[in-house]
Amino acid sequence: MLLAIDIGNTNITIGGFDGDELCFTARAATDRSLTADQYAVLLKSLIELKCSDTGDIDSAIVSSVVPPLTNIITGAVKTLWNVDSLVVGPGVKTGLNILIDDPAQTGADLVAVSVAAKALYPLPNVVCDLGTASTITVLDKNGNMIGGVIYPGIRTSLEALVSNTSLLQLISLEAPSRVIGRSTAECMQSGVIHGAASLLDGMLERIENELGMPVTAIATGGLSPAVIPNCKRSFEYSENLILQGLKIISDKNR
């Protein structure tokens with residue numbers, strides 16, 4: 001079994017693949033204060049909760065945007081299953097041609113979702129990953145990653161708004177029944193959810209104009225289900241796109 005782990009700023013996403021089948025997924029909050037031994041206990045507990053036979057794990061792949069945790073997590077995997085993890089980065093075979101000014105600066109998470117998008121969806125396509133940071137990654141008609149967009153995530157923006165105003169409080173991230181809010185909470189929900197949906201619609205229109213052709217829009221990330229239903233255009237939704245990308249990368253490097 002292949003263990004795929006994505007270390008994000010807010011959550012660590014874990015998946016187990018038996019052949020091509022994604023057998024289980026699990027999530028844990030990213031905690032920079034934990035040691036490798038503590039993460040070993042956490043990983044073991046989470047995976048045993050979802051998978052009855054953890055002894056089948058014989059390979060692992062890790063993508064990370066939190067460098068201090070990369071060695072800690074790979075160390076935990078080594079302790080538990082005596083497996084050396086493949087870490088997505090320079091020198092790892094991905095099959096992805098990255099046409100940006102400095103390809104080495106591309107985040108491992110963006111590489112993984114792009115690899116999956118290239119393999120699984122019609123080209124050209126755009127991956128909209130809505131998490132702590134919201135990212136839009138563009139693949140051209142030949143499957144090359146040609147760049148993208150990064151902007152503050154929905155929850156990140158909301159927390160910044162609340163922390164810098166005296167009378168506004170945190171709200172649930174759900175769309176109100178109308179765009180024109182009739183209470184402070186509704187106004188904030190409309191601004192956050194409908195604003196994010198309008199941003200995506202507008203950015204995708206601008207990207208298509210720049211490319212000169214329509215694109216396949218793909219949504220992923222924990223906050224996508226709250227935003228995508230409120231967009232005017234249709235999206236392909238993949239909850240586990242990054243795990244699928246890690247599986248493909250692992251296969252290329254065996």
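**View 1. Strand β6, covered on both faces in this predicted model**. On one side of β6 the residues N125, V127 and D129 are buried, and on the other side V126, C128 and L130 are buried as well, which leaves both faces of the strand covered. Six of the six residues of β6 are buried, so the strand is largely enclosed by the rest of the structure. β6 pairs with β7 in the antiparallel sense over six bridges, and V126 stands opposite V138 in β7. The connection between β6 and β7 is a hairpin that passes through two residues. β6 also pairs with β9, here in the parallel sense and over five bridges, with T220 in β9 as the bridge partner of D129.

**View 2. The open sheet β8-β7-β6-β9-β10**. This open sheet has five strands with mixed pairing, in the order β8-β7-β6-β9-β10. At its edges stand β8 and β10 (236–237), each with a single partner strand, so one side of each is left without a neighbour in the sheet. Towards one edge, strand β9 (residues 216–220) and β10 pair in the parallel sense over two bridges, and the bridge partner of A219 in β10 is Y237.

**View 3. The hairpin of β7 and β8**. Strand β7 (residues 133–139) and strand β8 (residues 145–152) run antiparallel and are joined by seven bridges. S134 stands opposite Y151 in β8. Five residues lie between the two strands of this hairpin, and in the turn G143 has a positive phi of about 85°.

**View 4. The open sheet β3-β2-β1-β4-β5**. Another open sheet of five strands, with mixed pairing, follows the order β3-β2-β1-β4-β5. Its edge strands are β3 (21–29) and β5 (86–87), each of which pairs on one side only. Strand β4 (residues 59–64) and β5 run parallel and are joined by two bridges, with V87 in β5 as the bridge partner of V62.

**View 5. The largest pocket and its lining**. The volume of the largest pocket is about 930 Å³. Its lining comprises 40 residues, of which D109, D129, G131, A133 and T135 are the closest to the centre of the pocket. Two or more lining residues come from each of β1 (2–7), β2 (11–18), α3 (108–120), β6 (125–130), β7, β8, α4 (154–163) and α7 (241–252). Among these elements β8 gives the most to the lining, with five residues. By residue class, the lining of the largest pocket divides into 14 nonpolar, 19 polar and seven charged residues.

**View 6. The second largest pocket**. About 230 Å³ of space lies in the second largest pocket. It is lined by 13 residues, and those nearest its centre are G89, P90, I98, P103 and V111. The lining of this second largest pocket has eight nonpolar and five polar residues, with no charged residue.

**View 7. Helix α3 and its buried residues**. α3 has 13 residues and reaches 18 Å from its first C-alpha to its last, close to the 18 Å expected at 1.5 Å a residue. Of these 13 residues 10 are buried, so α3 is largely enclosed by the rest of the structure. The buried residues are A108, D109, L110, V111, A112, V113, S114, V115, A116 and A117. Two of them also appear in the pocket views: D109 is among the residues closest to the centre of the largest pocket, and V111 is among those nearest the centre of the second largest pocket.

**View 8. A185 in helix α5**. A185 has its place in helix α5 (residues 184–211). With a relative accessible area of 36%, A185 is partly exposed, because this value falls between the 20% under which a residue counts as buried and the 50% over which a residue counts as exposed. The C-alpha atoms of A185 and L168 are separated by 8.4 Å, and the two residues lie 17 residues apart along the chain.

**View 9. Cysteines C23 and C187**. C23 is partly exposed, with a relative accessible area of 36%. C187 is likewise partly exposed, with a relative accessible area of 42%. When a disulfide is taken as a pair of cysteine sulfur atoms within 2.5 Å, the count for the model comes to zero disulfides.

Notes: Residues numbered from 1 in each chain as written. Predicted model: local features only at pLDDT ≥ 70, side-chain atom pairs only at ≥ 80, totals over all residues. Heavy atoms only, no water. Pairing = 2+ DSSP bridges. Helix = DSSP H or I, 4+ residues; strand = E, 2+ residues; numbered from the N terminus. 1 Å grid on protein atoms, 1.4 Å probe; cavity = no way out; pocket = protein on both sides within 12 Å on 5 of 7 lines; lining within 4 Å. Points joined across faces, edges and corners; volume = space filled by probe spheres on them. Nonpolar A, V, L, I, M, F, W, Y, C, P; charged D, E, K, R; others polar. Buried < 20%, exposed > 50% of the residue type's maximum accessible area, 1.4 Å probe, protein only. Expected span 1.5 Å × (residues − 1).
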